[in-house]
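Here is a friendly walk through the strands, helices and charged pairs of one protein. Have a look at the picture first, and then we can go through it together.

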Amino acid sequence: MIVGDASRDPRFSDNPLVLDAPFIRFYAGCPIRGPNGHRIGTLCLIDQEPRGLSLEDQDTLRDFAAMVEDELLGVSQSSVDDLTQIANRRGFNMVSTHMLQLCRRTKTDAELLFFDLDGFKALNDTYGHGVGDAMLQHFAKILVKCFRDADVIARLGGDEFVVLMAASKESARLAIARLEEMMANDDCEIRKSLAWSVGTVGFVPERHDSIEAMLEDADSRMYKQKSRRRQTGA
């Protein structure tokens, strides 16, 4: 889209950005699409003087827009786990860091749930890595179904998954109960040979200065639960 002189264009002549600072006259914009193909914004040029845009400059603007789209795609691919198509560790750290900052500023509760699949190595050894990969994908899908769109769900690596919720301890407990019910009713035969351990920790601003600190606490609690299960045979 190219507007040579916004002050003379009936679509924009009464726009505050045209009437007042920065007194836009020239505008050229090229749409930018996100990794999912939806338009998410515009790469634009503005000037305080009326002007045109040559065909060569229009091609250059399109090239820059394509570069931005490629960069967005690269960031998306580098923050998503290839196998499960949920966030990977990098993606989780990026989003959860901002989420904790918001919780700290608004004094909102947050709970981190750290999952580890029990017996996963034995399943891989018995059925092969193809079945193991399918189980990881299956568990990821169940997490996505169980938790809210606003919750941050990720696979940290191997058979470790995490969920960060901007919610109370009680909400986290209810979410785990939903997950247990969904897993109990799961009709996947091989899944029945799997169990999972989970460690939960609430966000304490004075103790958790980063998402890594929360992960360390939740990881420790998860292994305590796993150890108790091994000792009791539960």
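Let us begin inside a helix: Asp59 and Arg62 are 3 residues apart in helix H2, so about one helical turn separates them. This is a predicted model, and in it the side chains of Asp59 and Arg62 meet in a salt bridge, at 2.9 Å from N to O. Asp59 is partly exposed, with a relative accessible area of 42%, and Arg62 is likewise partly exposed, at 44%.

**Helix H2 and the open sheet**

Where does helix H2 lie? Helix H2 covers residues 55-78 and lies across E1, E2 and E3, running at about 35 degrees to E2. Those strands form an open sheet of 3 strands in the order E1-E2-E3, with antiparallel pairing. The edges belong to strand E1 (2-3) and strand E3 (39-47), each of which pairs on one side only. Strand E2, residues 26-33, is joined to E1 in the antiparallel sense by 2 bridges. To find this pairing on your screen, look for Val3, which stands opposite Tyr27 in E2.

**Strand E4 and its partners**

Now move along the chain to strand E4, residues 111-118. Is E4 enclosed or open to the outside? Of its 8 residues, 8 are buried, so the strand is largely enclosed by the rest of the structure. The cut-off behind that reasoning is a relative accessible area under 20%. Glu111, Leu113, Phe115 and Leu117 point one way from E4, whereas Leu112, Phe114, Asp116 and Asp118 point the other way, and all are buried.

E4 has antiparallel pairing with strand E6 (residues 160-165), through 6 bridges. Within that pairing, Phe115 has Phe161 of E6 as its bridge partner. E4 also pairs with strand E7 (residues 195-202), again in the antiparallel sense, over 8 bridges. There, the bridge partner of Leu112 is Val201 in E7.

Two of the residues of E4 carry us on to the charged groups: Asp116 and Asp118 are linked with Lys226 in a network of salt bridges.

**More salt bridges**

The count of salt bridges comes to 10. Three of the pairs are set out here, with the distance between N and O.

| Pair | N to O distance |
|---|---|
| Asp59 and Arg62 | 2.9 Å |
| Asp151 and Arg148 | 2.7 Å |
| Arg207 and Asp217 | 2.5 Å |

Which parts of the chain does the pair of Arg207 and Asp217 tie together? Arg207 lies in the loop between E7 and helix H7 (211-232), and Asp217 lies in helix H7, so the pair ties together parts that are 10 residues apart in sequence. Arg207 counts as exposed, at 53% relative accessibility, while Asp217 is buried, with a relative accessible area of 13%.

The pair of Asp151 and Arg148 also brings together a buried residue and one with some access to the outside. Asp151 counts as buried, at 6% relative accessibility, whereas Arg148 is partly exposed, with a relative accessible area of 39%.

**Looking back**

If you return to the picture, two places make handy starting points. One is helix H2 lying across E1, E2 and E3, with the Asp59 and Arg62 salt bridge set about one helical turn apart within the helix. The other is the buried strand E4, paired with E6 and with E7.

Notes
Residues numbered from 1 in each chain as written. Predicted model: local features only at pLDDT ≥ 70, side-chain atom pairs only at ≥ 80, totals over all residues. Heavy atoms only, no water. Pairing = 2+ DSSP bridges. Helix = DSSP H or I, 4+ residues; strand = E, 2+ residues; numbered from the N terminus. Contact = heavy atoms within 4.5 Å. Axes fitted to C-alpha atoms, helices over the stretch in contact; angles between N-to-C directions. Buried < 20%, exposed > 50% of the residue type's maximum accessible area, 1.4 Å probe, protein only. Salt bridge = Lys/Arg side-chain N within 4 Å of Asp/Glu carboxyl O.
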